[in-house]
Amino acid sequence: MTTTRRDFLRSSGLAAAYLGIPAWLSGCAPASPQPVAEPLGWADDATATLAGSDPALLHLLQRLTYGPAPGDLAHANQLGAAALVDEQLHPERIDDSALERRLAGFDTLTMSSAALIERFGRQGEGPQEIMRQLQQASLLRAVYSKRQLQEIMVDVWSNHLNIYLGKGQVKWLKTADDRDVIRPHALGKFRDLLLASAKSPAMLVYLDNVENTAPGARQGKGGLNENYARELLELHTLGADASYDHDDIIAVARVFTGWSIARPQEQNAGSFVFRPRLHDSAAKQIDALGLALPAGGGVSDGETLLARLASDPRTAKRIAHKLCARFVGDAPPAALVERAAQTYLASDTDIRATLELIFRSEEFAAAAPKLKLPTHALASMLRALGAQIEPSPKLVAVLQQLGQPFFGWPAPDGYPQVGAAWINTGGMLARWNVAFALAEGRGPGVAADLRALLPIQAQPTAAGLVDAASAALLHQPIGSAARSALVTYAGGAAPDKPLDAAALDRVLPGVVGLVLASPLFQLY
Amino acid sequence: MDHILICLFQRGGADGLNMVVPHGEAAYYAARPAIAIAAPRPGSPATAIELDGFFGLHPALGDLKEIYDARQLAIVHACGSPDATRSHFDAQANLERGLISDHSETRGWLGRHLAATAGTSDSPFRAIGFGALLQPSLRGSAAVAVRDLTQFTLRAKPTDLPRIRAAHGEIYRGEGLLAGAGQQTLAALALLEKLNPGQYKPADGARYPESPYGLALQQIAQLIKADVGLQVACADIGDWDTHVNQGGSEGEFAANLAEFGAGLHALYADLAAYHSRITVVTMSEFGRRLTENGGGGTDHGHGNAMFVMGGGLAGGKVYGSWPGLQAEQLDGPGDLAITTDIRDILGEIAQKRLGNPDLDGLFPGYNAFQFRGLVP
């Protein structure tokens, strides 16, 4: 599809969105909101009252976050686009203490794998609590972290280096992978991320490298297991279309023999350990990389190989494509991918530098709307509502209904990232039902104050209510056909009659639910 | 009237050797001292159910004998995907993609079939997959993904629902990325409302297992009887990854198998008037190793048995050439070899039952189709 964002907005009858953001949402809002003009509608009113707000800023905010939360647009307006990009690219400079307080009760997040195995192991309570905390914390972070880009990149790498939480010992080990592998490197050097991932106990279990031993090293048992080697080349680095063959896979598998984890009865249970006796110490030749590893390299064989893979141009292309697909479009412009790959290589596999190039590109600015994947859709609804969450297993179960629980994709390729994979009737219905449930206050453990959210007078007209809801939740008009449907819903036969308190209570949740369920909200 | 394909996936790698037992093979009994199913002995319920003097059904599959005898059930043994992987994930993904090695293909083989025959129906229930996520085989088509039709409803405050629905329908009218899926969802909701799935009464003698699998089959039958234009339905049954404590004629595997067979029989009984319009096909990502392991179970293997059920099939027969179970006849680490590529079976069904001649579109790159005559 070659439609640009601009075309899309125009074809949806939304050109007025380019006129900007209502003043009362920006940093210089008047103390009390102005009544919405009737009957011209909010969009026309906005043209008269807005100055200096930038539609590109809303686009930027939509792409660098899980959707704007109340106040985010004002903050963005104050910073301006360049500073907003800079801020989000440097999460370490952002104070996230409010989120940290919400996570204070999640004690397993900071425990070592050894401590988790000790407390939740076979003699203990079982791993359910570990998984519960990890999944709930992931949702809380997506919703409440000020380091929104960091959270998006955590999601990107958690899928690129996918580990299924349900597989065997992974249940005890994924917490450390999330904390020590994915998060510290999410905006760092891909080479460091890849090396950390290769030594991640959760990955070693998930892709069976713990079973990968030099043939004959364990009497009558074991031998090479190619699973990690294959996925390392195919999914993590070079890509399936790169020219490597089965001999290369075997050689890579031999490199990683003996990369294992400490058993529960050993020191530092559940952490990485290199077992020289199980390692194939003979020389290795990986033709696809032109790499010869002399005999006796031990654990350094793997470290050399991973560094080489990370800075291979084919890997650069794949990582660049993945990042462009996430932030620009499911089929990103080839020229942008090429430039991003060059930046990745020139910057020594720096993810931050690559993202910065993408964010500052014309292709990014002109990107057409994308479908929010389910996690994104839920997080953005909660954010838009300014919802307060009382963590509950049932809220995480909502993601199950939507089809995208955290770390819930069994296969090593991670959740499908293209919108087309998610557009089906069951998925649509699930999104709608989540929208109506949240708006009606039926979200498990979720509270949202809709009256406080919408800058409306005591007795708004139906049109005023609808425009206020569009402004607060979409930050742009909803389009004329949808608008008139909403006005009919809220005002019935008398759309111009002020809604009294009882009428407002009756229709407010419906209006909010319909806006959240609308295509314009489900896209970004 | 449309023909209907019901595709059942045994997730986890079902043990075909204990499902359809090669009781004529001494090597089978030698390799499985603890879990083998005894050769048929009339009057002994813990022994295999005789099929043809060489193969027998696991005793938990007694329900299926009636269908086999009625020639509406065909079995193909030593069948499967030639893909050598023993990984569940890879094997399932590859099979559902139609054994295309290109991982960038996002559509499944059924999705490609549905896309190729899109002109034949515009029903919102043309294709349905039961489960939390759409089966990958159905990807690429506008299939409904649903866990339970009785839960497939738009939920809003009841007094407000009609007005919500009206406004919502207007909002999803028109053009745009989501309008099509939105309208289709609304059409499916409207159709289901008339159907009232909570009130369904199966025909006499049809008893669906009380499980997600049984519920899926019952709701597939209901959609078929309601004549909503269903053409392809997918459902899953799990827990086949029997590495430990598999059991023999009784135990975990037997209980799972009983559920599996009871579901097939319930479909057969419930849909008696529709047999000629229906093809049920079962598959699993791979079979299991011949030799039982130290934990009373079996590890990932290769070749497997599959069932094909429907009116007008040349059933009552075990198809496939038997590769044997001697050491030199086994595949890889000691597994039943594959002598029938599953694409031969699925291709024959697609072409001769579903009327889709473009097998290359379903299974690109495979051009060695050999139909086995299951569909006369």
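**Strand pairing in chain B and the contact with chain A**

Strand 7 (residues 144-146) of chain B pairs with strand 6 of chain B in the parallel sense over three bridges, where pairing requires that DSSP finds at least two bridges between two strands. The model is predicted, so local features need pLDDT of at least 70 and side-chain atom pairs count only at pLDDT 80 or more, while totals for chains, interfaces and linings use all residues. Residues are numbered from 1 along each chain as its sequence is written, and chains are lettered from A in the order in which they are written. Strands (E, at least two residues) and helices (H or I, at least four) are DSSP runs, numbered from the N terminus.

B:Phe130 of strand 6 stands opposite B:Val146 in strand 7 of chain B. Strand 6 of chain B also pairs with strand 8 (residues 232-237) of chain B, in the parallel sense and over three bridges; here B:Val232 is the bridge partner of B:Ala127.

Between the chains, 42 residues of chain A are in contact with 40 residues of chain B (C-beta atoms, placed from the backbone, within 7 Å). Helix 22 of chain A gives the largest share of the side of chain A that touches chain B, nine residues.

Helix 25 of chain A has 12 residues and reaches 16 Å from its first C-alpha to its last, close to the 16 Å expected at 1.5 Å a residue (1.5 Å times one less than the number of residues). Just after helix 25 of chain A, A:Gly492 takes a positive phi of about 55°.

Conventions:
Two residues are in contact if their C-beta atoms, placed from the backbone, lie within 7 Å.
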